[in-house]
Protein chains: 2
Amino acid sequence: MQRKLPPPEQHAVKLRDIAEAAGVTIATASRSLNGIYGVNPLTRERVMQAASRLNYRPNRLARGLVTGRSQILGLIISDIRNPFFSEVARGVEDAAYSAGCDVVLCNSDLDPQKQNHYIASLMAKSVDGIIMNSVTALDQAEQERLALSGVPVVLLNRFTSLAQFSTISADNEQGGRLAAEYFLKMGHARLAHLTGPRHHGNLSQRAKGFLQAVREGNPSASVIVAHGNHTLAGGYTMGLKLFREKHDVTAIFAANDALAFGVLKAALECKIKIPQDVSLIGFDNVDLAAIVHPPLTTIHQSKYEIGEAAVNVLLRLAKAKDKSPENRVLGVELIERESVRNLKSKGAKVSR
Amino acid sequence: MQRKLPPPEQHAVKLRDIAEAAGVTIATASRSLNGIYGVNPLTRERVMQAASRLNYRPNRLARGLVTGRSQILGLIISDIRNPFFSEVARGVEDAAYSAGCDVVLCNSDLDPQKQNHYIASLMAKSVDGIIMNSVTALDQAEQERLALSGVPVVLLNRFTSLAQFSTISADNEQGGRLAAEYFLKMGHARLAHLTGPRHHGNLSQRAKGFLQAVREGNPSASVIVAHGNHTLAGGYTMGLKLFREKHDVTAIFAANDALAFGVLKAALECKIKIPQDVSLIGFDNVDLAAIVHPPLTTIHQSKYEIGEAAVNVLLRLAKAKDKSPENRVLGVELIERESVRNLKSKGAKVSR
DNA sequence: CTGAAAGCGCTAACAG
DNA sequence: CTGTTAGCGCTTTCAG
């Protein structure tokens, strides 16, 4: 004969329990715990005691249901495996942690369907705000619906068709310009730019700055532009293609470091030496850029800080009456390492 | 004189609205939407129509409040910037997405306080399950409380003091063994093992397998073990120290790739050539291991699959009556690249 | 098959 | 300063 087992999941202690334990109603209990002004310090103390004694954890779903806010932030990015996004995500998470928020992670692969799914799902959870990679994959109507929904949104790229979103981003255009100027200074005139899909907000800006600066700096310079995936695999594929077609480019500007790493791999395979045969500049200044061989010259942007800033803007938006969007642009910087050859110092070794 | 502004945030459409629109009560509306057996196909159709016409999104907080489940999974890891965890996280997120769940990301840095905070916070949200890096940083009482809470938990390391948790992990011990055997086969006998903090579940297993295999394979071999941070920075620090102290080790087993990358950086700085002067093996087989210079010989583990599997176990646990823990161990494999020198083929070049 | 009604646990007026 | 009372939006018995 079996004895009845005790309930396997111990009943969570709720506000009512601690109210009883403290000899007050749940209203005062709630007030005490939420530190609302206007409650007797002594009763309050009693409540706090009871709460910690019973190890009380407010049910956040219940609270969210009534307050309409959930202390949850949504982060929609292309792919967390891109080290750029890992860094951003960490910045986001740390800032959210400090603010007592949780962050739900969404990988969209820039797929519009997934993005819409995530937006809907996040809104269904009454998130306090959404940080998104980009919104360009969404059609106009969807963008408007999002803007009208009232959920604070900050985008991680600078330009949007709708001016209603806040944005935080690095100065991508300037970054492209720096890469171009450096190549020209080093005597390169047959260039290639390997980048991601057309119309990708940030990458387009990089291309724009790069091409502009090339034209301005050396109108007779040539530049091949190729589109593909802005990933290690994409860079590998584009690099292979470029090297095999025997273009006579002497310098490649990769739209991000991941892509540049792919080019490195392709070069290795094609027995092309970097920078002796071809020079390479990346973008992001990911940790590993310093470690690959050769150490990658790249454009630095403050990834962690972008994540932090995004959360701060979001939180300001969430509490402020004034929801006017904020647009912040962070500076970039060329980090000189060893993947670019100086063609001007004839016969000289790689610049070091 | 101002007119009253319309409510800035459009009132979300709720179950009641679609019930009215379909001419039924919210009860049948609910049943229809949730596909519960026992509702007239025609009424049901009417409800569905109304729902999609009004673009209805059920409030998940409300639903969670009553059902006790939230369709949210918690993922607590050390640091998303570690590419190992990025991969795992992507596996987790994809599997969760397929199951209609969201995942909230928590970076613990293995700090017990943070871990506890996150666990509490997740439980307050009635998460359907928690995937954790490891639980060893928590004291016995906390572990027990977690186990008793009834929330499904799966750990990403194999051994736990409490046998009540499910675990998914690679065969770390075997991985360590493979590294050792390979070094010995290549004629190395003065070894070093650079690893993370003591008592780190997975890393300890790697060390254990490594040391055991060394002892068994060549009892007269020496091995220095150093503890630090299992990060790029940690590897750099430990590598620098090792190289500067002029130990005569010929081969280093780094407990993970990030750490190995740090060693690479240190070597570069100390003008130590890898593998000519010192050989190196990593662990994880992160994407970039193939790209660094020299391409890193490392132990492969299936990161993405670990994430996927963790979610699947979690979901099974969540719905099953039977909550008996499941322990799954995934195989590992040595990936031979170019960071290990063959000392046996005298005068020969690096094995290729 | 459908409706009425009772909450899930909490906050927020509104009285006292 | 504290208690009473409505709900938040949804699911889920229990009747019909």
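Q: What makes helix α9 of chain A a helix that lies across strands of chain A?
A: In this predicted model, helix α9 (residues 201–217) of chain A lies across β6 (190–195), β7, β8 (251–254) and β9 (279–284) of chain A. Contact requires C-beta atoms within 7 Å. The helix runs at about 170° to β6(A); the angle is taken between N-to-C directions on a scale from 0 to 180 degrees.

Q: What makes β7 and β12 of chain A stand at the edges?
A: The six strands form an open sheet in the order β7-β6-β8-β9-β10-β12 (chain A), with mixed pairing. β7 (222–227) and β12 (333–335) of chain A each have a single partner strand, so one side of each is left without a neighbour in the sheet. From one strand to the next, the twist averages 20°.

Q: How do you know that strand β10 of chain A and β12(A) pair?
A: Pairing requires at least two bridges. Strand β10 (residues 297–300) of chain A and β12(A) have three bridges in the antiparallel sense, so the requirement is met. One position can be named: A:T298 has A:I335 in β12(A) as its bridge partner.

Q: Which strands of chain B stand at the edges, and why is one side of each left without a neighbour?
A: Chain B has an open sheet of six strands in the order β7-β6-β8-β9-β10-β12, with mixed pairing. At the edges stand β7 (222–227) and β12 (333–335) of chain B; each has a single partner strand, so one side has no neighbour in the sheet. Strand β10 (residues 297–300) of chain B is joined to β12(B) by three antiparallel bridges, and B:T298 stands opposite B:I335 in β12(B).

Q: What describes the packing of helix α8 of chain B and helix α9 of chain B?
A: Two packed helices are described by the angle between their axes and the distance between the axes. For helix α8 (residues 172–185) of chain B and helix α9 (residues 201–217) of chain B, the angle is about 35° and the axes are 6 Å apart. The crossing is right-handed. By class, the contact of α8(B) with α9(B) has seven nonpolar, nine polar and five charged residues.

Q: How do you know that β2(A) and strand β2 of chain B pair?
A: The criterion is at least two bridges. Three bridges join β2(A) to strand β2 (residues 102–107) of chain B, and the two run antiparallel; the criterion is therefore satisfied. Within this pairing, A:V103 stands opposite B:L105 in β2(B).

Q: How many residues of chain A are in contact with chain B?
A: By the 7 Å criterion for C-beta atoms, 44 residues of chain A are in contact with 44 residues of chain B. The most on the side of chain A that touches chain B comes from α5(A), with six residues. That side divides into 22 nonpolar, ten polar and twelve charged residues.

Q: What makes a residue part of the surface near DNA strand D, and how many residues surround the strand?
A: The C-beta atom must lie within 6 Å. In total, 25 residues surround DNA strand D, and the closest are A:A27, A:N40, B:K14, B:L15 and B:A27. α4(B) gives the most to this surface, with five residues. Twelve residues of the surface are nonpolar, nine polar and four charged.

Notes:
Residues are numbered from 1 along each chain as its sequence is written. Chains are lettered from A and ligands numbered from 1 in the order in which they are written. This is a predicted model: local features need pLDDT of at least 70, side-chain atom pairs count only at pLDDT 80 or more; totals for chains, interfaces and linings use all residues. Helices (H or I, at least four residues) and strands (E, at least two) are DSSP runs, numbered from the N terminus. Ala, Val, Leu, Ile, Met, Phe, Trp, Tyr, Cys and Pro count as nonpolar, Asp, Glu, Lys and Arg as charged, and the others, Gly among them, as polar. Two residues are in contact if their C-beta atoms, placed from the backbone, lie within 7 Å. A crossing is left-handed if the near helix is turned anticlockwise from the far one by less than a right angle, and right-handed if clockwise.
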